[in-house]
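User: I would like a close look at one part of this protein, explained in plain terms. Please begin with the whole chain and then work inward.

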Amino acid sequence: MNSKRVENKYILDERSKHKIINKILDSGYSELYKQRNIESVYYDNLKLQSFYDSNEGSIPRKKIRIRSYDGFKSDFNYEIKEVNANGRFKSVKKVTSLPERCIDDIYKVMYPQVIIRYKRKYFTNNLIRLTLDWEIHYQEFKSEKIYKSQNLVLESKLSDGTKYNEEINNLKIFGLNNVSFSKYKEAINLSMPLNQI
């Protein structure tokens with residue numbers, strides 16, 4: 001599966017979780033799926049080129065991760081998020097185990113770098129899908145040390161079949177401005193400060 005994506009991200013203090021959930025529901029959204037616990041392992045090469053490309057906004061660039069839901073350890077999504085001159089794309093395929101390394105045409109040999117765990121709720125109003133992530137924890141792949149984000153991450157995506165429209169795709173009803181944000185970037189910045197990379 002490969003799909004073009006239009007998405008916006010909004011960062012709030014984690015303490016505002018209940019307030020923003022009530023705001024979402026009061027604005028005509030309903031819960032789409034049950035709440036999930038998500039775990040992702042992000043891959044990068046030894047020079048962390050994926051991280052640096054994301055930081056610098058380089059095109060083309062990719063993020064590669066293995067994702068599991070609610071603790072399943074034999075049913076993983078192998079996901080590639082790519083930004084190129086034609087837009088943003090995401091491809092997903094099923095795998096049954098966590099690979100020791102990945103081979104990519106841009107980054108060559110990539111290894112697990114960080115584990116990211118969080119809770120997620122899903123909402124929709126039939127035009128826009130929202131995800132709300134909290135209790136975000138980062139862990140270096142080869143370390144037991146865990147770092148906690150203070151952020152609450154709200155993300156909007158157009159529902160399948162919805163044609164892009166700037167008015168539809170913004171969340172000004174929440175009084176929020178979208179920002180550039182990446183859990184992988186925050187994980188690296190917290191667990192491996194740049195002066196140590």
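Among contacts between residues at least 6 apart in sequence, what percentage join residues at least 24 apart? After that, please take helix 4 and describe what surrounds it.

Analyst: The model is a predicted one. Among contacts between residues at least 6 apart in sequence, 67% join residues at least 24 apart. The protein has 197 residues, and 48% of them are buried. Its elements are four helices and 12 strands. About 11,000 Å² of the protein is exposed, with carbon and sulfur atoms supplying 48% of that area.

Now to helix 4, which covers residues 183–191. Seven of its nine residues are buried, so the helix is largely enclosed by the rest of the structure. The buried ones are Lys-183, Tyr-184, Lys-185, Glu-186, Ala-187, Ile-188 and Ser-191. They pack against two kinds of element: helix 2 (49–56) on the one hand, and strands 4, 9, 10, 11 (146–148) and 12 (151–158) on the other. At the N-terminal end, helix 4 is capped by Ser-182, which has a side-chain oxygen 3.2 Å from the backbone nitrogen of Tyr-184.

Tyr-184 and Ile-188 also belong to the largest nonpolar core, which has 18 residues. Both are listed with the residues that have the most contacts inside this core, along with Leu-48, Val-114, Ile-116, Ile-136 and Tyr-138. Helix 4, strand 4 (36–44), strand 9 (108–124) and strand 10 (128–140) each supply at least two core residues. The most come from strand 9, which gives four. In general, nonpolar side chains in soluble globular proteins tend to be buried together.

Ile-116 shows how these parts meet. Neighbours within four places in sequence aside, its contacts include Lys-183, Tyr-184 and Ala-187, three of the buried residues of helix 4. The contacts of Ile-116 also include Ile-38, Tyr-42, Ile-136 and Tyr-138. A second core, separate from this one, has 16 residues, among them Leu-12, Phe-123, Leu-152 and Leu-158.

Lys-183 has a further partner. Not counting residues up to four places away in sequence, Arg-120 touches Lys-183, as well as others including Gln-35, Arg-67 and Trp-134. Arg-120 lies in strand 9 and is buried, because its relative accessible area is 7%, under the 20% cut-off. The side chain of Arg-120 makes a polar contact of 2.7 Å with that of Asp-133.

Definitions and conventions
Residues are numbered from 1 along each chain as its sequence is written. This is a predicted model: local features need pLDDT of at least 70, side-chain atom pairs count only at pLDDT 80 or more; totals for chains, interfaces and linings use all residues. Side-chain values use heavy atoms; hydrogens and water are left out. A nonpolar core is a set of buried Ala, Val, Leu, Ile, Met, Phe, Trp, Tyr and Cys residues joined through side-chain atoms within 4.5 Å. Buried means under 20% relative accessible area, exposed over 50%, partly exposed in between (1.4 Å probe, protein chains only). Contact means heavy atoms within 4.5 Å. A polar contact is a pair of N or O atoms within 3.5 Å; within protein, one must be able to donate a hydrogen and the other to accept it, and residues adjacent in sequence count only if both atoms are side-chain atoms. Accessible areas come from the Shrake-Rupley method with a 1.4 Å probe; for residues, only the protein chains shown count as cover.
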